[in-house]
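Here are a few exercises on ring pairs and helix packing. Grab your viewer and work along.

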Amino acid sequence: MSQTPLDTLWYTHSPVPTGLGIAVESGRLAEAFLPTGTNIQALRESSERDIREAHFDHHLPNSVRHGGNIPAIWAYANCSDTRLLGLSWSDEVQLILTTVESGVKTVRDLKHRRFGIPKWANVQIDFTRAQALRGLENALKLEGMSVSDVDLVDYPYGGTYSDEQVRHVHGAQVSFGFNRTQRRNNELIGLLRGDIDAIFLKGAHAVQLADEFGLHIVIDTGSHPDPMIRSNNGTPRTLTVDRHLLEHHFDAAKTIVDCVLRAEQWAWANPEKTRQFLARELNTSEYWVATAYGEDAHRRLRTMLDEQSILALQDFTDFLHRWQFIPRRFDVRDWIDFSVLESVLGATSRLSV
């Protein structure tokens, strides 16, 4: 493979627990590329909306993305020339929530009830709708029910996910040009008003909102023992690069994966500092991080290409195709490039922090 100089590396990571996020915020990624003179740029902090949109459609050359798998799956299904280098699995709460007044206590009580679900009008891939449907479908499946047993109520959103520029303020990702109307959770408002009977929320903000508004947790599919029930947008998370980066800057791809693995090993050895980082990353408190991701959240940061994660990713990809979120079904093994991870792990039998 030719090794032409890499002028600029574009990176993006979702505001969730990822090894790339730690590698970026700790300065490890920038430090690793200092000897080559490569410029490191955060695409979500770009002033250009088209560049920010690459977080979701992965169209930008020489870029790396670590985060929710729906945009990455959608991009590959729509023929974006990307390769999957690793999968990380950090279990998180995935909650079906109701109000006490709704009378819904169990999953079976959801039959013929109104379930609020987001519907974005102007996005390429509506990952919020997809992950809510997945959580609902998996919950109902456990009781021998299907989504057709529930009355879905759409809650529309305008604009796009990339309308607002993201910047870091004291370590937290903050959107500038913040639009309160666009950012509010319309389904939650509908639930509190009594217009619907249940909604889906996940992660730290889910448990925080459930506590704040005294909501009843019908089920947490994120804690179910079956990994296929837990699989969703964040389980597993995908580490992807574009093919141009892989073919023309293979050493850069190795450096990225090496940084991710070293950042994760640092996290394993530093649980308190990791919780502090994740709280800033999620713009919440350490308490809600531990509640949503577990007291052992630092141990769940592990990027590999293990069989369970691959099978879960395939199952979730099939779900996205069945619900017509992606235009074609594909074998996720055709998407994977094992060479970078194997090259990094083969170089050192045990990484040092």
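**Exercise 1.** Decide whether Tyr 157 is buried or exposed.

*Solution.* Keep in mind that this is a predicted model. Tyr 157 has 8% relative accessibility, so it counts as buried. The cut-off for buried is under 20%. Try Trp 120 next: at 14% relative accessibility, it counts as buried too.

**Exercise 2.** Work out what kind of aromatic pair Trp 120 and Tyr 157 form.

*Solution.* Start with the ring centres, which are 5.0 Å apart. Next, take the planes: the angle between them is 5°. Planes under 30 degrees apart count as stacked, so that's the label for Trp 120 and Tyr 157. Finally, place the partners: Trp 120 is in strand 6 (residues 114–120) and Tyr 157 in strand 7 (residues 151–157), 37 residues apart.

**Exercise 3.** Find the aromatic pairs in the whole structure, then classify Tyr 76 with Phe 330.

*Solution.* The search turns up 8 aromatic pairs. For Tyr 76 and Phe 330, the centres are 4.8 Å apart and the planes make 65°, an edge-to-face pair. Tyr 76 belongs to helix 4 (residues 69–77), while Phe 330 sits in the loop between helix 14 (307–322) and helix 15 (332–335), 254 residues away. Both Tyr 76 and Phe 330 are buried. Now add Trp 335: with Tyr 76 and Phe 330, it makes up one aromatic cluster.

**Exercise 4.** Describe how helix 11 meets helix 12.

*Solution.* First the axes: those of helix 11 (residues 250–269) and helix 12 (residues 271–282) come within 5 Å and cross at roughly 115°. Then the contact residues: helix 11 brings Trp 266, Ala 267, Trp 268 and Ala 269, and helix 12 brings Pro 271, Lys 273 and Thr 274. Sorted by class, that's 5 nonpolar, 1 polar and 1 charged.

How values were computed: Residues are numbered from 1 along each chain as its sequence is written. This is a predicted model: local features need pLDDT of at least 70, side-chain atom pairs count only at pLDDT 80 or more; totals for chains, interfaces and linings use all residues. Side-chain values use heavy atoms; hydrogens and water are left out. Axes are lines fitted to C-alpha atoms, for helices over the stretch in contact, and angles run from 0 to 180 degrees between N-to-C directions. Helices (H or I, at least four residues) and strands (E, at least two) are DSSP runs, numbered from the N terminus. Contact means heavy atoms within 4.5 Å. Ala, Val, Leu, Ile, Met, Phe, Trp, Tyr, Cys and Pro count as nonpolar, Asp, Glu, Lys and Arg as charged, and the others, Gly among them, as polar. Rings of Phe, Tyr and Trp (its six-membered ring) pair if their centres lie within 6.5 Å; planes under 30 degrees apart count as stacked, over 60 as edge-to-face and the rest as tilted. Buried means under 20% relative accessible area, exposed over 50%, partly exposed in between (1.4 Å probe, protein chains only).
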